[in-house]
Each structure stands twice: as C-alpha cells, then as structure tokens.
Amino acid sequence: MKRSLWSLITICTGLGIMACNPITFKVYKIKKSERLMRMLSLVFLLVIFGVNEASANLCDTVKDLSTIQETKDEIEFYKELFPNADYHGSHLYNGFVLECNRRRDNKGDEVRKMLTNKDWAEMKSILKESDLSPYLFSAKYKFFGIAWFQMSYLIWKEGGVWKMVLPYDPIINDEVENRIDFDMTHAGNLYDKDQVDEGGSGSSKTYTLKSTAQPISVTKCATTTFFAGKEKKYDGQHGVDAHKRDPANKHISLGKIQYSYKNSSGNYWVMDGCRVKKDEHLYGTNPATGSFEKILPADWILNNFEKVAEDYWSIPDNFDLYVLLKGHNEGRLDPAVKTKINNHIKKGDYLTIRFGTKFLPGANQMYKANAWQPNNFSTMTDDGTYIHEVGHAFGLDDEYAQGSSSKNKDHCSHSQFDQFDGISGSTPYTIDNYTMCNGYGKQTNTIYHYIAVTRYILGETCKEDSDCGGGRYCNNRMGLNRCLADGTKDVNQSCIKDRECTSGKCEKDRCVCKSDGDCPNGQACYTPIGKANYCASTNKALGASCTKDSQCASDKCQQDQCVCKGDGDCPNGQACYTPIGKANYCASTSKALGASCTKDSQCASDKCEQDKCVCKSNGDCPNGQTCYTPVGKANYCASTSKALGVSCTKDSQCASDKCEQDKCVCKSNGDCPNGQSCYTPVGKANYCASTSKALGASCSQNSQCASDKCEQGECVCQSDNDCPGSQKCKTPVTKKNYCTK
C-alpha cells in the first residue's frame, strides 16, 4: 500500500518565536479534509518563513565585522580546548560563527556566561578534564533564525578525547513502492550479480569483481524501464525539460530516472538517479565495514550516511562521533558505548529522519522532517549535504543566505570576509570552505566541535542540593541551576553557600578561611568580630600587636602582643619566662647558684629549685665539690674529700665515693690500707681488714684469706701452691676445698 506524501503534521504555537512539535501518522488515502489541512498548514508556514525570503544567514548582530568581548574571550579558550591549529581555520571568522550560534541556541547565553564570567572559572577546568561522565544534552536552536528546533546528543570525555552519540531514527519512504533510488555517483560504487564471481559458502562466502565488471550506473541505469502502460508518460520530458516530471518519477519501474531544477540564473540543471528493486541484493564495499559484500540497497544508503558523517566530523585523538541509527547499526557499536546509550538515551531523544525515493529540491534538504517536507533527505542525497545536515544535529546554524542579493550582506563568502582567508597551521582555508557555510566544504573546523562540547557544562538541572547526590550542591548563581562538586571555590572567590568553598566557609558572598590551613604558606586565618575572616601574614615579631596566636612568628599572643612561647623565640643568652597572671617575656639565663629564680632557664645551671638557682650536676659546683641532691631538699654543692669513718650523707662526700650508715666506708680494696681488703658483709657497712689469714682460719670473704679463698666461713686452698709440702688441693663439688696427700 502506498504511503501518503502527507505523513507529518506540525503544530506550531507561540508569540514572536515559533515552537514546533512534530506528530507523525500513516494514511493510505488522502481525504478532502486532510488535503485542506495540508494546504492550510503549508500556507501558514510559507507566510511565516516566506517562499523566497527565508534565510539562515549569519546573525544580523554579527554583520559589522565586530564581536562582543565575551566571544573574543571564548575564542581564546577555544584555542586552549582544541589546540591543533590544522583545524582552526580563521579565528576572526570563528568569532562570528561562535557569536551567531550562541545567540541562536536557546541555552547559548547560559553557556557563554559560564565560560566568560570569572565567577564561573571552574567551568573551564571541568571541560579541560581528561575524563567526563556521559551527559545527554537536549535543547533547541533557532533554525532559519525564526523557529526553535530540537537537538539531542550524548556526550562524554575519555582519555582526553571527546565522544558524541547522535541518535537517529531512520526511515526510508519508498514513494514508488518497493524501489530504492541511488545518486549516480553512489551507483558507480555498486554492482549487480552478473558482475561478480562468488566463492566459498556460508559465512565464508566471498565476492570478487569480474575483470569486465561495470557498476549499475553503467548497466542497470543506462536505460529506463517503465511500468506497463506508462511508457509514454515522460515523452519529451528529459534533459532540461525533466522538471515537468513528478519528482518521484512514479511511472518508472527501474533504471535511469531524471529531474531538473531551475537555478537563480533562470537556467535548469539536470539531476540523474538510478532506480533498483528494494529487495534486490547489490555488491560493493560496505561503507560501515570497509569490506566487499552482498548488501541490500537500503542498508547501503544508511551505512553510507553513518560512515560519511563519522569520517568527516571525527578528529584524530580529539573527537569521536558515533551515528546511532535505531534498529540498524546498534550491533556494530562498541559494548561500552552501547551501555552508555542504553543508560542515557530514551525513546524521545531520537531524531526522526526520512530518506524519500524521489528528487528533493537541492536547497531543501533538511536535518529533520517537517510539515512542508515529510522526507528531509532523498536516498539520492549527496555526501556533502549529509555532512552539512549532521552539523545541524550538533545544534549548528547555517551561515549562508538565500533569496535576494540584499540578504547576501551576511553571506559567509561575502567580500567583507575576504580578509580572513589564508593559512592556518599547514592547512589552507577559505571562509566558504566552512561546512555550515557550504555543504561541499572540505575542511573540518573544530570551532563547530567547540560549540557542541561546551554545552556539556550545562549538566543536569536541579532545584535544591538534595537533587544532586553526595558531594555536590545545587548552584543557582546568575539564575542558572546546576549541580556542581563541593569545594570547588578557593579563598576570595565568590560564593553563596559554605559547601561551594574548599574551606567550607562562605561569608559576605566570598569564600573565606575557616582555619589557618585554608591560607597560603606564611599566612594565618583571622576572625575579626563583625567582619569576614581573612588570611594575613604570620611573621609578627615579639612586641607587635596581635589578636591571635597564629599572627605571631612565635605562635603566641598574650594581652594583645606577640610574646615568646619557648626559649627559642628569645635572643641568644635569654630564656622565655612564663609568670603566672602576666604575659610571657624574655630575660637573661646567666643567674648564679643561690640567685632567686622562677624557672630553670633563668639559671646558668638550668636548675631552679625552691626559688633559687642550684646545681644540676657536679660541673655546676666549685672545684673539689660535688652536687648533692638530697630527697625533699634543694640541691647543693659540698666537699668530696671525707676519709673512711667520717660522717656523711651521700657517696659523693666521701673520698671512697661510698657512704653507708652515715659514714664513709671502703668501696673497693684500693680504699683500704696496704695489706687490707674491703669487706662487704651482708646487712652491715663495708670495712677494711687483713688479707693474711692461714688455712683453717675463720673468714667472711675471699680477700681475708692468704689463699684468697673462703668457703663455709673458713680459709681453704684454692690451688696446690696453697698446700704444705707435696699435698694437693682437692675441690669436691659439694664440700669445701682441702689439702691432702
């Protein structure tokens, strides 16, 4: 059954700006009421747009060879975000392109604010990040400078490379039933079965061209085959007269079809096409896979659209475009990309495009179907037009003018732009080579990519912080509600809430310090009463006025002055004194023994006890004296020369360095007179006694015996030399030693 040419009604409402929502349905017979609706809608749209006056030229406000400062600022940032000069083109012309697109994008002003206002400085940093999570951008742009049209695309960043998915829902309308029409250039790449040799079988089947192979543009479409009984329908309507035919060539079954258009000079140019059966397999290089394959005509058309768009708009190591054709190419997508699509792109995000099997007016190929042109592409659309129209799906406006010459004052190739032609990097460029100016332009300019990717910063909208999830807040500065990460603003940047600031403190619309750690090195956070916190130097000297410890080099503020906190804060030879109830101060550390003091560091000995400087070690005492440290009393110096038997209180008072039971006693044999040893009985004080006791004499220690051996209270032999005559010294294990023969 034949699909109606009138398959789309567009309902448009609005005051001054038209908003359009397409509603599509199938009909099989055009009723009188539907024909009337069609005519009324078309008249309405023609009144709005004008037949010859419609233009998508550069914005009127950009025609005076000047751009606003915000645009100039953005161009500088563009060069940072897309630094490869080979894709820059003319920076002056880029300014006009950017400004025009910002004005025609209904969210363009928001993007411009966030990229040029210093209060949104973090936005540039976000765009420079190497990896960004997927964001489905959806907005409208002002097509023809009059009507708002929808655009949607998924965008993210991975390893420094921008990734974009354009979601399309493609439909091929066979207005001549079961037929597909090819552009003759495309037909030159396809062959019918007779021109191919087949080899192998099943999945291993191969196809190779015969040595004499000719494409269908030469074979099938060298002649025309009419439907039965329709052979005379186009008599005389060929060449320049082909415009008299219906654009669908509905009376032709197969082969060559033709149509002609009248150009601005009043002359006709002739377009040729090649018609094949919809279900007839052809042979040629599959644009999507690059291999020579057997393929259905409609699949080749869609694959070519996908390939042409991706190849042109993708930039090596910088930008990757994925053209998603619903129900057609999902299986070829990388699994990771497919996951992102499934998680973010919904049914309403797909842009419906229709490839009609008929000639469309050369200037009327559009990026989406609409009320006055249900099929926005022909299956014969050329590659240059595809590239240009995909640019519209990016949300890019046209830069050329249609209609009267007076409109051409804003044409991209107008003489006023000649001064911008030249060389950029290693790639020559001219203004009319920009693809949105000329659909056949061959240079790829990243100013277009910049316009598309910078919309990423619009992010998701929010009403309150709870809409943003953990670690983010809802920012509503300048009337823009967007989720931003906590703690992105440094001290002194503008803010409206604490969580915006790295310090966690917002006072009087500025991020301020909350603690010293929020300030630069060498500065501290000051918290004056009634004023906002601020950072200032921490190097104030002793005696300087202060309000808090961190202002002082000593880190100590008392009674509104910087004072010492430790001895290291004082000059050489002085110490830090900390009297109770008074401010700390520095004073001399040279006080002698016996001088009054309040702390150790005031004394030359570094020891203050009971408010007097005392010795801390023997070195603090006069020669011949020792530092005594009695329990419960202050240290003191006294003589160290007391003899054995003289009263004492501590070891150091005795010449022997041993005081026991309040008397100086021996500590070792050297402290005793010659011939005596120092005895150390258990529980008694040490004493000196003779060492000449014979074998068998009573003893208490070895040194009392001539043999130097005392066992079980008796002097015994220690070796054979201690025994008389030829006796030997026996040393039994459990008994005392003895002499025997």
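**Exercise 1.** In this predicted model, find where Glu280 and Lys220 lie and state what their salt bridge ties together.

Solution.
Step 1. Glu280 and Lys220 pair through their side chains in a salt bridge, with an N to O distance of 2.7 Å.
Step 2. Glu280 belongs to the loop between β12 (268–277) and β13 (282–285), and Lys220 to the loop between β9 (206–209) and β10 (224–226), so the bridge ties together parts 60 residues apart in sequence.
Step 3. The relative accessible area of Glu280 is 22%, and that of Lys220 is 26%. Buried would require under 20% and exposed over 50%. Glu280 is therefore partly exposed, and Lys220 is likewise partly exposed.

**Exercise 2.** Decide whether Asp397 and Arg104 are buried or exposed, and locate both residues in the chain.

Solution.
Step 1. A salt bridge joins Asp397 to Arg104, and their closest N and O atoms are 2.1 Å apart.
Step 2. Asp397 sits in the loop between α9 (383–393) and β18 (422–424), while Arg104 is in helix α3 (residues 91–104). The two are 293 residues apart, so the pair links distant parts of the chain.
Step 3. Both Asp397 and Arg104 are buried.

**Exercise 3.** Work out how Lys307 and Asp311 are placed in their helix.

Solution.
Step 1. Lys307 forms a salt bridge with Asp311, with 3.2 Å between the closest N and O atoms.
Step 2. Helix α7 (residues 297–313) holds both, four residues apart, or about one turn of the helix.
Step 3. Lys307 has a relative accessible area of 35% and is partly exposed; Asp311, at 48%, is partly exposed.

Conventions:
Residues are numbered from 1 along each chain as its sequence is written. This is a predicted model: local features need pLDDT of at least 70, side-chain atom pairs count only at pLDDT 80 or more; totals for chains, interfaces and linings use all residues. Side-chain values use heavy atoms; hydrogens and water are left out. A salt bridge is a side-chain nitrogen of Lys or Arg within 4 Å of a carboxyl oxygen of Asp or Glu. Buried means under 20% relative accessible area, exposed over 50%, partly exposed in between (1.4 Å probe, protein chains only).
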